[in-house]
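Let's take a friendly walk through a protein model, picking out a few residues along the way. Keep the picture open while you read, so you can find each spot yourself.

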Amino acid sequence: MVRIRVLVVDDHRIFAESLAAALAAEPDVDVSAAGSGPAASRCLERAAAEGRRFDVLLVDADLGAAAVPAQREPGAAPPPPVSDGIALVAGVRVAHPGVRTVVLAERDDPRRAALALQAGASGWVAKDCSLSRLLAVVRGVLREETHLPPALLTGVLRELTAARKHRSDSERLVESLTPREHEVLRCMVAGLGRKDVAARLFLSPHTVRTHMQNVLGKLGVHSTLAAVALARRAGVRPAELSGDVVERSGQLA
């Protein structure tokens, strides 16, 4: 019999242990539980090292302070602070792409369900659903199925459509930049201040200031932080940094 390895991640101990016990009663399910993101990370890494990786993660949508370290490409900016189960899903997708994730939620929320799918989740399930329903979802995601409550479908599709439009608008704005302005924007995304951008691109600080002002104007924003946020939505990659520049950077101009 092929057994399904499931990891329940929930910081409510009674719920996690109860759900794990119920799943463990199934003849084809092996289950473990973790009470936090770091604990889940350790379980995943240990299982992978021992050649017995988990198949499915059941993650609390409201998990507190969840974090799974993920490999980043050289020069990539650090990931944003991780604060909930959806962020944990995104970390697992990068660090353990073979693991399927299902988000367990106390309430239906189309926006957060859409965010979960964008982060890499294969399902969104109510915490109070029946055990048979949850098992059907677990087995379904292993067949590459995506599971959502029927009541959420319309709202989730609306959210995903809006997100695609938002990204398309951001991409069009970024495409309006000149090659030099795009290079300056990549430096901004990497967290470089004006002087470091000038040193990197062999320009004067005054010229860099002009380029930055042009970037803000073309993107229709009023701050470097807003420009960086829009650039990330558009998929702009940060400039790769050498070690000495990394040490001097760290604050946005």
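## A look around the model

Phenylalanine 54 is buried, because its relative accessibility is 4% and the cut-off for buried is under 20%. Keep in mind that this model is predicted. Phenylalanine 54 belongs to the loop that links helix 2 (37-49) with strand 3 (56-60). Which residue puts its charged end over the ring of phenylalanine 54? That would be arginine 5, whose charged end is 4.3 Å from the ring centre. Phenylalanine 54 also has a partner further along the chain: valine 99 is 45 residues away in sequence, yet the two C-alpha atoms are separated by 6.4 Å.

There's a second spot of this kind. Lysine 127 lies over the face of phenylalanine 15, 4.5 Å from the centre of the ring. How many aromatic pairs does the count give? It comes to 0 aromatic pairs.

Now for the cysteines. The disulfide count is 0 as well. Cysteine 43 has 14% relative accessibility, so it counts as buried. Cysteine 129, at 24%, counts as partly exposed.

Next, a hollow inside. The structure has 1 cavity of 30 Å³ or more, and the space in the largest cavity is about 30 Å³. Its lining is made up of Ala61, Asp62, Ala105, Glu106, Arg107, Asp109, Arg112 and Trp124. What mix of residues is found in that lining of the largest cavity: how many nonpolar, polar and charged? There are 3 nonpolar residues and 5 charged ones, with no polar residue in the lining.

One of those lining residues, Trp124, deserves its own stop. Tryptophan 124 is part of strand 5, which covers residues 123-126. Is tryptophan 124 buried or exposed? Its relative accessible area is 2%, so tryptophan 124 is buried. Leucine 58 is 66 residues from tryptophan 124 in sequence, while their C-alpha atoms are 9.6 Å apart in space.

Finally, let's turn to the backbone. Most residues other than glycine have a negative phi. Glutamate 144 is not a glycine, but its phi is positive, about 70°. You'll find glutamate 144 in the loop between helix 5 (131-141) and helix 6 (153-175). Its relative accessible area is 58%, so glutamate 144 is exposed.

Phenylalanine 202 also isn't a glycine, and its phi is positive at about 60°. This residue comes just after helix 8, in the loop between helix 8 and helix 9 (205-219). Phenylalanine 202 has 75% relative accessibility, so it counts as exposed. Helix 8 itself spans residues 194-201, and its buried residues include Asp196, Val197, Ala198 and Leu201. Why might buried residues fall a few places apart along a helix? An α-helix has 3.6 residues a turn, so residues three or four places apart point the same way.

Here's a quick recap of how accessible some of these residues are.

| Residue | Relative accessibility | Class |
|---|---|---|
| Tryptophan 124 | 2% | buried |
| Phenylalanine 54 | 4% | buried |
| Cysteine 43 | 14% | buried |
| Cysteine 129 | 24% | partly exposed |
| Glutamate 144 | 58% | exposed |
| Phenylalanine 202 | 75% | exposed |

Conventions. Residues numbered from 1 in each chain as written. Predicted model: local features only at pLDDT ≥ 70, side-chain atom pairs only at ≥ 80, totals over all residues. Heavy atoms only, no water. Phe/Tyr/Trp six-rings, centres within 6.5 Å; stacked < 30°, edge-to-face > 60°. Lys NZ or Arg CZ within 6 Å of the ring centre and 35° of its normal. Disulfide = S-S within 2.5 Å. Buried < 20%, exposed > 50% of the residue type's maximum accessible area, 1.4 Å probe, protein only. 1 Å grid on protein atoms, 1.4 Å probe; cavity = no way out; pocket = protein on both sides within 12 Å on 5 of 7 lines; lining within 4 Å. Points joined across faces, edges and corners; volume = space filled by probe spheres on them. Nonpolar A, V, L, I, M, F, W, Y, C, P; charged D, E, K, R; others polar. Helix = DSSP H or I, 4+ residues; strand = E, 2+ residues; numbered from the N terminus.
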